[in-house]
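Here is a short report on the pockets, a surface patch and some backbone angles of one protein model. Take a look at the structure before reading on.

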Amino acid sequence: RRRVRGGHVHTTTDLYTEVQQFYARHFHLLDAGRAAEWAETFTVDGWFWPRTLPEPVRGRAALTAGVRRTHERLAEAGEQHRHWHGMVDVRPRDDGDLDVRCYALIYVIPRGEAPRLHLSCVCTDRLTREDGGWKVAERCVTRDDLHPETVGAPR
């Protein structure tokens with residue numbers, strides 16, 4: 001699934017397409033509020049760390065609960081969020097996992113109003129193969145509007 005040329009690892013088109021398809025499904029589930037299905041796209045012990053929190057959200061139950069709370073809050077406010085990932089850089093690891101880094105834009109769409117950019121972030125994931133597909137084992141999200149010293153260090 002990878003080729004090495006001149007000491008550089010190159011992802012194949014098939015692998016890159018698989019990763020893009022994974023993220024498309026993953027974020028469609030999130031934006032639709034399908035919390036349990038979205039959490040299933042993480043490994044059982046997977047974690048998600050928006051660096052504005054003191055520590056990662058760990059495990060599918062906690063991930064599901066967090067998405068449900070957020071989706072309910074957005075519904076009450078009459079808002080919809082849409083996540084857009086771009087500039088996806090896929091780096092195969094020697095252990096078969098993938099290191100993925102991309103830009104994540106989160107748009108808020110208030111009912112009856114024009115969409116607006118809510119957040120611009122850098123998302124770094126470690127994806128692992130499980131049950132024939134990719135799962136997020138680790139995710140760290142850093143907001144572009146915050147200085148690095150205002151967020152916790154990775155654990």
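## Pockets and surface

The lining of the second largest pocket splits into 4 nonpolar, 4 polar and 2 charged residues. This is a predicted model. The second largest pocket holds about 260 Å³ of space. Its lining is made of Gln20, Tyr23, Ala24, Phe27, His28, Asp31, Arg82, His83, Trp84 and His85. Two elements, α1 and β5, give two or more residues each to this lining. The largest share comes from α1, with 6 residues.

The largest pocket has a volume of about 870 Å³. It is lined by 35 residues, and Phe48, Pro50, Thr70, His83 and Ile106 are the closest to its centre. Several elements give two or more residues to the lining: α1 (13-31), β3 (42-50), α3 (60-77), β5, β6 (98-110), β7 (116-130) and β8 (133-143). Of these, α3 gives the most, with 9 residues. By class, the lining of the largest pocket has 18 nonpolar, 10 polar and 7 charged residues.

The two pockets are set out below.

| Pocket | Volume | Element giving the most | Lining by class |
|---|---|---|---|
| Largest pocket | about 870 Å³ | α3, 9 residues | 18 nonpolar, 10 polar, 7 charged |
| Second largest pocket | about 260 Å³ | α1, 6 residues | 4 nonpolar, 4 polar, 2 charged |

His83 is among the residues closest to the centre of the largest pocket, and His83 also lines the second largest pocket.

Trp84 is another residue of the second pocket's lining. Trp84 sits in strand β5 (residues 79-92). On the surface, Trp84 forms a nonpolar patch with Tyr107 and Leu117. Together the three have about 340 Å² of accessible area. Why does Trp84 count as exposed? Its relative accessible area is 58%, and the cut-off for exposed is over 50%.

Now the backbone. Most residues other than glycine have a negative phi. Which residue of strand β5 has a positive phi although it is not a glycine? That residue is Met87, with a phi of about 55°. Met87 lies in strand β5, and Met87 is exposed because its relative accessible area is 66%.

Asp131 also has a positive phi, near 55°. Asp131 is in the loop between β7 and β8. With 77% relative accessibility, Asp131 counts as exposed.

Note on methods
Residues numbered from 1 in each chain as written. Predicted model: local features only at pLDDT ≥ 70, side-chain atom pairs only at ≥ 80, totals over all residues. Heavy atoms only, no water. Patch = residues over 30% accessible without salt bridge, like charges linked within 9 Å, V, L, I, M, F, W, Y side chains within 5 Å. Areas by Shrake-Rupley, 256 points an atom, 1.4 Å probe, with all protein chains shown as cover. Salt bridge = Lys/Arg side-chain N within 4 Å of Asp/Glu carboxyl O. Buried < 20%, exposed > 50% of the residue type's maximum accessible area, 1.4 Å probe, protein only. 1 Å grid on protein atoms, 1.4 Å probe; cavity = no way out; pocket = protein on both sides within 12 Å on 5 of 7 lines; lining within 4 Å. Points joined across faces, edges and corners; volume = space filled by probe spheres on them. Nonpolar A, V, L, I, M, F, W, Y, C, P; charged D, E, K, R; others polar.
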